[in-house]
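This report examines a protein chain for its overall organisation, its strand pairing and its aromatic contacts. The sequence and structure are shown first.

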Amino acid sequence: MEDNNVKKRHEDNTLDEITRDYNRSLKIWKSITAVLAIALIGTGTFGYMVNNEKNYYKTYLQNQYQRAFRDMVSDVENLKILLDKAEVTGSHIQSNSLMNQIWKNGYSAAESLSEIPISQGVLEKTHKFLNQVSDFSLSISRQNASDKMMTEEQLNLLSQLNKLADGLVNELRAMQTSINEGKIKFGEITQKGNFFLKKAAGNALDSEFGKLEKGFSEYPSMIYDGPFSDNVIEGKPKGLEKEEDVNMETAKERAKKFVGSQRVGRIVEASSGKGRINTFGLEVIPKDGDRSKSIFIDVTKKGGHVLWMLDQRAVGQKKLTDDEAIEKAKNFLKEQGFGNLTSTYHYKNDNTITVTFVGIEGDGVLVYPDQMKVKIALDNGDIVGFDAYPYLMAHHDRNMLKPSITEAEAREKVNKKIEINRVKLAIIPLPGDKEQLCYEFKGTYNGNDYFVYINAENGNEENILRVIKEENGILTQ
């Protein structure tokens, strides 16, 4: 009887242990299930936030590109009206006013077109047209200032430009309609890369923008006194004349060094551009393979120099001062092996700062034609944009001339109203792809800062620039 009781107690204890083990297991599984549920919710929330951020960025880009396009359409429409008026004016005073307005609208339209993310060369003729209309009008304005009207040849050229402007307006209006109807979505560009227009046959953007270029198939030759005349535009890049050709692999190595190996997963060819400077168009894909974060870069086929770079990542909250960012840009250019450069003007936009650098030769002579721009992210100091086109087009070995007149003699040529506070020697660009050594006088008058350039050979006043100080930076005009 006692044995049976012991046996029963043992069975009861075993059952209790099994029950306790089951309850413990149940609690563990409930905990695991809860953790997994939280993880899934967290993953879903993170995915939702990432998706929202991507959609926000895409919408932001779409709005930015549409704004640039609308500005360009408005400028070209104004340009057309001004050209109409210029054809019928009989007054050199009125012509001078009209030509100045044409110059401003043409320049503004070209700037807006540059903000639309299209590869170099795709709209080369359209860019050329806007630049030449702008520069041609400035040349005529100077002629009008000497009480001279346009010659018959100039009037014929103006008429041809007006017809081209009319065609451009019509095409742009048609494209505006396509944008409004959702057929063209600029925000998709960054997902496919800046160079997709040459790759995606039948793409709406490709065909629409292609119409703009077709309108300039009968483009007139323009030879006149200006930096965008054909004899200048079709010149060879001076900075590459003595360089050897490089292959694709070398170009990829140069791109890797430029953006930093830590940011590179792989590099693929996106599109090779042809223009005044032939390039390898490359896409730098990050290590995580996310092509929405790709960096696009053009490397010259001669010499393997980086011509242009754009990192379109969203820039976070500003953490760097302007001076800190400019210093990072200086160090970056030094690491990349560029010559002696100094920062001049800068402009801030969307937590980035774009700094213009110019060359220095001899005993501190500023060389304004040797110009490049560097764009720095103010959240961490990354270089997110770069443009060396002016530098490579202009840079060459110069025979430094000595001034024929003294600084004191040049100072006498500056208007006495200006209070001079700094003098430097500088090489400035002149119309017709020319350069001139000048004395650069920086001074103030009536609360404004000015730069006055006096020819160091003959004492002529070559140019005056007014410094524009804005909340977002310092510019000259």
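The account below moves from the whole chain to the C-terminal strands and then to the aromatic side chains.

**Overall organisation**

The model is predicted. Its secondary structure comprises 11 helices and 13 strands. The protein has 477 residues, of which 42% count as buried. Among contacts with a separation of 6 or more, 59% are made by residues 24 or more positions apart. The exposed surface amounts to about 26,200 Å², and carbon and sulfur atoms supply 49% of this area.

**Strands E11, E12 and E13**

Strand E12 pairs with both E11 and E13. The table sets out the two pairings.

| Pair | Residues of the strands | Sense | Bridges |
|---|---|---|---|
| E11 and E12 | 448-455 and 461-470 | antiparallel | 5 bridges |
| E12 and E13 | 461-470 and 473-476 | antiparallel | 4 bridges |

Each pairing can be followed through an individual position. Between E11 and E12, Tyr-453 has Asn-463 as its bridge partner. Between E12 and E13, Glu-470 stands opposite Gly-473.

The connections are hairpins. The hairpin of E11 and E12 has 5 residues between the strands, and within this hairpin Gly-459 adopts a positive phi near 80 degrees. In the hairpin formed by E12 and E13, 2 residues lie between the strands.

**Aromatic side chains**

Across the whole structure, a search finds 8 aromatic pairs. One of them joins Tyr-368 and Tyr-453 in an edge-to-face arrangement, with 6.2 Å from centre to centre and 90 degrees between the planes. This pair links distant parts of the chain, since Tyr-368 belongs to strand E7 (residues 365-377) and Tyr-453 to strand E11, 85 residues apart.

Are the two tyrosines of this pair buried or exposed? Tyr-368 has a relative accessible area of 13% and is therefore buried, the cut-off being under 20%. Tyr-453 likewise counts as buried, because its relative accessibility is 3%. Tyr-453 thus has two roles in this description: it is the bridge partner of Asn-463 in E12, and its ring pairs with that of Tyr-368.

Elsewhere, Phe-258, Phe-332, Phe-338, Phe-386 and Tyr-391 form one aromatic cluster. A further ring, that of Phe-280, has the charged end of Lys-301 sitting over it, 5.3 Å from the ring centre.

Terms used. Residues are numbered from 1 along each chain as its sequence is written. This is a predicted model: local features need pLDDT of at least 70, side-chain atom pairs count only at pLDDT 80 or more; totals for chains, interfaces and linings use all residues. Side-chain values use heavy atoms; hydrogens and water are left out. Two strands pair if DSSP finds at least two bridges between them. Buried means under 20% relative accessible area, exposed over 50%, partly exposed in between (1.4 Å probe, protein chains only). Contact means heavy atoms within 4.5 Å. Accessible areas come from the Shrake-Rupley method with a 1.4 Å probe; for residues, only the protein chains shown count as cover. Rings of Phe, Tyr and Trp (its six-membered ring) pair if their centres lie within 6.5 Å; planes under 30 degrees apart count as stacked, over 60 as edge-to-face and the rest as tilted. A charge sits over a ring if NZ of Lys or CZ of Arg is within 6 Å of the ring centre and within 35 degrees of the ring normal.
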